[in-house]
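Work through the exercises below with the sequence and the structure at hand, and try each task before reading its solution.

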Amino acid sequence: MILGNAPFIAEPYFGHRSRLYDLDLHRNPDAIADIIIESYNHGVRAINLVNDGALIKGFDLALDEGCDMKVVATVGKSDVDYMNPNYDVAKEVDWEDDIELFDNYDCPLMLVDEFIVDGYDWNLTSNILSQINDTSAVSGLITAFPNKTTDLLMDNPVLDLFDYYMVPINKLAYMMDIPSFLPKERQEFKVKIEKLDKKIIATRILAAGILKPAEAFDFLNTLDYVDLVTFGVASKKEVVEDVTILKNI
């Protein structure tokens, strides 16, 4: 289990809830810290961080309270519109500063952000992966297009540079580049993803809150190729609900 960051940074894909998350969480690092601590107290031992001031402050506050979580870092996160992504803007982000920042934490894994990966500038992606691999962390990629990007990674030299692969997966195919995710499509995707021979991290398993946790995590339990899952929570109550379900599947 990896605690996600999307509610903490008020990702815009939550729609009207993004405004609430901005007011309640992103502008309130103490509230972020409270949720991180609650997650730690319920057995979550890793968190996905991006280089966001409020999120980093909230995590540092949690560390001060003895919350000894490992960091799964996203390197190169940029302020790019999910609905109309500008990949040229994403490529200009100071990813080297991110690597330097997260190398100061207990950070065994750094992942290249989806808007860099999905810009398909493989020279840039290879450069970032190589610099991550020069640290004590292992490296990985994030994609918002698990179908297209996985196809492009096959027989690509970049494949030898990373070990982990974070992809959106949920039973609705929400925020996936697959029109539907019925049994036929699920099997085809499973065959494709297993050919990469990487550790798979499932994200957006809750479909940005469209799915109830029990339904989402029951589906997760059918995906035997998934090694880790990251999920976002917006309250201590959600922590208790989600973690309890995950521990019981």
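**Exercise 1: a strand residue**

Ala-73 is buried, with a relative accessible area of 0%. The model used here is a predicted one.

Task: Find the strand that holds Ala-73, and state how far Ala-73 lies from Val-50 in sequence and in space.

Solution. Begin with the position along the chain, where Ala-73 falls in strand β3, which covers residues 70–75. Next, recall that a residue counts as buried when its relative accessible area is under 20%, so Ala-73, at 0%, belongs to that class. Finally, compare the two separations: Ala-73 and Val-50 are 23 residues apart in sequence, while their C-alpha atoms are 6.1 Å apart in space.

**Exercise 2: the salt bridges of one lysine**

Task: Describe the salt bridges that Lys-91 forms with Asp-88 and with Asp-121, and explain how each pair is placed in the chain.

Solution. As a starting point, side chains of opposite charge can pair when their charged atoms come close. In the pair of Lys-91 and Asp-88, the N to O distance is 3.8 Å, which lies within the 4 Å cut-off for a salt bridge. Both residues belong to helix α4 (residues 87–91), and because they are 3 residues apart there, about one helical turn separates them. Asp-88 is exposed, with a relative accessible area of 52%, whereas Lys-91 is partly exposed at 27%.

Now turn to the second partner, Asp-121, whose closest atoms to Lys-91 are an N and O pair 3.7 Å apart. Lys-91 sits in helix α4 and Asp-121 in the loop between α6 (114–117) and α7 (122–133), so this salt bridge ties together parts that are 30 residues apart in sequence. Asp-121 counts as partly exposed, at 26% relative accessibility.

**Exercise 3: a salt bridge between a loop and a helix**

Task: Locate Lys-171 and Glu-215, and say what their pairing ties together.

Solution. The side chains of Lys-171 and Glu-215 meet in a salt bridge with an N to O distance of 3.3 Å. Lys-171 is in the loop between β6 (164–168) and α9 (183–196), and Glu-215 is in helix α10 (residues 213–220), so the pair links parts that are 44 residues apart in sequence. For both residues the class is partly exposed, with 28% for Lys-171 and 35% for Glu-215. To widen the view, note that Arg-19, Asp-22 and Arg-27 are joined into one network by salt bridges that share partners, and that a search of the whole structure finds 12 salt bridges.

**Exercise 4: two residues with positive phi**

Task: For Asp-155 and Ala-208, give the phi angle and decide whether each residue is buried or exposed.

Solution. Take Asp-155 first: its phi is near 65 degrees, a positive value in a residue other than glycine, and its place is the loop between α8 and β6. At 80% relative accessibility, Asp-155 counts as exposed. Ala-208 also has a positive phi, near 55 degrees, and is likewise a residue other than glycine. Its loop runs between β7 (199–203) and α10, and at 9% relative accessibility Ala-208 counts as buried.

**Exercise 5: a contact between two threonines**

Task: Place Thr-143 in the chain, and state the length of its side-chain contact with Thr-149.

Solution. Thr-143 is found in the loop between β5 (138–142) and α8 (146–153), and is buried, with a relative accessible area of 0%. The side chains of Thr-143 and Thr-149 are joined by a polar contact of 2.9 Å.

Key. Residues are numbered from 1 along each chain as its sequence is written. This is a predicted model: local features need pLDDT of at least 70, side-chain atom pairs count only at pLDDT 80 or more; totals for chains, interfaces and linings use all residues. Side-chain values use heavy atoms; hydrogens and water are left out. Helices (H or I, at least four residues) and strands (E, at least two) are DSSP runs, numbered from the N terminus. Buried means under 20% relative accessible area, exposed over 50%, partly exposed in between (1.4 Å probe, protein chains only). A polar contact is a pair of N or O atoms within 3.5 Å; within protein, one must be able to donate a hydrogen and the other to accept it, and residues adjacent in sequence count only if both atoms are side-chain atoms.
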